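Thanks for coming. I will go through a pair of helices, then some cysteines, then one residue in a loop.

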Amino acid sequence: MSTSPFIHEDWLLLNKSAQTLYHDYAQKMPIYDFHSHLNPQEISSNRKFRNIADLALSGDHYKWRALRWLGIDEQLITGNAPDKDKFMVWARSVPEMLGNPLYHWTHLELKRYFGIDELLSADNAESVWDRCNEQLQGDGMTTQGILKKQNVDVVCTTDDPADSLEHHILIKNDSALETVVAPTFRPDRVLNIRDEGFAGYVATLSEASGLEVHSYSEFMKAVTSRIDYFHKHGCRLSDQAFGELPHAHSTEHEAAYIFARAFKGEEISAQEEQKFQSYTLLKLGRLYHERGWSMQLHIGALRNNNSRMFDALGKDSGFDSILDFNMARSLNALLNDLDASGQLPKTIVYTLNPSQYEMIATSIGNFQGSGIKGKVQMGSGWWFHDQKEGMLQQLKALSSIGLISPFVGMLTDSRSFLSFTRHEYFRRILCNLFGTWIEEGDLPRDYAFVGRTIENICYNNADAYFGIK
């Protein structure tokens with residue numbers, strides 16, 4: 001049996017060119033994590049984790065889904081079982097995850113955060129538990145310590161328009177933290193007019209903005225006020241999530257009428273919601289453009305499919321799926337409407353359905369220009385696809401139909417402070433792809449030339465694109 005560690009220096013780098021690109025170019029670049037779901041309060045308070053289960057398993061629905069697949073009782077996943085019991089179940093389950101990215105991620109996390117080279121199993125679970133917990137007592141493994149340890153230059157959280165951003169303000173005033181932590185404007189509750197709590201949310205938004213809201217025009221004034229507040233506190237990105245991307249012709253009068261009915265608690269149809277969302281998204285896009293923001297569109301998730309578990313655990317608990325639908329007409333129409341008036345913001349389009357990669361690549365190619373490299377981007381492999389095959393599929397579609405050189409690269413999209421290793425995972429896969437192209441004669445064997453593109457994708461493109469610092 002080989003005694004060499006699973007995660008070794010040239011892991012996933014299958015040829016000399018790949019190894020050169022990674023070690024000489026990609027590895028040294030800082031992390032620019034422009035989309036995450038980290039809790040800014042945990043960063044501002046410099047939280048110390050109570051144990052490895054608290055750090056590795058809490059809030060990670062990727063891991064929850066895998067454990068359910070193995071028939072593990074929910075009490076040992078999201079329930080009230082002791083943390084140690086949850087970790088022991090996780091440790092004995094990991095060997096059954098061969099072929100799943102969790103097998104890679106788990107061992108990469110143990111290696112990079114704790115210096116543990118062993119393959120996790122029931123046999124060494126007790127020892128790993130003790131060694132990780134011992135290290136978690138040190139200052140280097142607090143939330144801020146992790147940001148420094150992982151060389152995170154910028155991280156963006158995901159924040160509701162009514163959020164006070166108090167923790168972002170505290171972070172900005174913390175001179176000890178070198179990482180830039182910026183908010184992201186996430187107006188899902190502004191757009192989801194059929195949600196049961198919409199009228200209550202309007203009242204919350206009114207209070208946050210200090211503006212009376214009784215009509216659609218007043219509603220948009222309140223939203224605009226919050227956009228300006230976010231901008232003042234360092235926000236330069238928005239993020240909208242949709243199942244199907246809406247784009248139905250609507251007017252201000254129609255949007256106002258639909259808003260008025262929803263504000264009174266009346267039932268809104270799916271068609272009316274699409275009209276309201278389409279019109280409001282265009283208004284938001286123009287507001288983003290005025291402020292030089294980037295607009296992210298996360299499209300294609302069918303969420304909360306298990307009603308029994310939704311009632312028990314709520315949203316973001318690991319019961320979501322890929323939605324199959326057609327998007328070419330709505331995507332092109334949305335981009336065209338904003339472009340026609342010269343108000344198309346920098347835009348990143350993510351899809352949860354990889355069959356749409358080629359379509360998105362052809363669509364965003366219609367709306368480039370305005371002196372910005374890669375103004376409209378196809379986002380990295382997302383959610384179910386931020387793994388080896390998903391990343392490769394996205395990278396190949398982007399490079400073969402569009403241009404990969406301006407690509408803004410990888411992000412964590414995670415609630416876990418362990419997830420920064422996904423940048424290393426992505427960089428190794430990226431370098432192996434480019435290295436293979438060199439070895440097969442598709443690219444010149446000019447490492448300095450190709451290496452510049454690698455460095456740009458890993459960090460420089462995002463730094464130039466988002467303008468946060």
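The axes of helix α18 (residues 388–401) and helix α19 (residues 421–439) come within 10 Å and cross at roughly 50 degrees. Axes here are lines fitted to C-alpha atoms over the stretch in contact, with angles from 0 to 180 degrees between N-to-C directions. Helices are DSSP runs of H or I, at least four residues, and strands are runs of E, at least two, numbered from the N terminus. This is a predicted model, where local features need pLDDT of at least 70, side-chain atom pairs count only at pLDDT 80 or more, and totals for chains, interfaces and linings use all residues. Residues are numbered from 1 along each chain as its sequence is written, and side-chain values use heavy atoms, leaving out hydrogens and water.

On the α18 side, the residues in contact (heavy atoms within 4.5 Å) include M391, L392 and L395. On the α19 side, they include F426, I429 and W437.

Next, the cysteines. How many disulfides does the structure hold? Zero, a disulfide being a pair of cysteine sulfur atoms within 2.5 Å. The cysteine sulfur closest to that of C431 is in C458, 5.9 Å away, which is too far for a bond. C431 is buried (under 20% relative accessible area, 1.4 Å probe, protein chains only), at 0%. C458 is also buried, at 7%.

Last, Q356, in the loop between β8 (346–351) and α17 (357–364). Q356 counts as buried, with 5% relative accessibility. Leaving aside residues up to four places away in sequence, Q356 touches F325, M327 and T351.

Terms used:
Buried means under 20% relative accessible area, exposed over 50%, partly exposed in between (1.4 Å probe, protein chains only).
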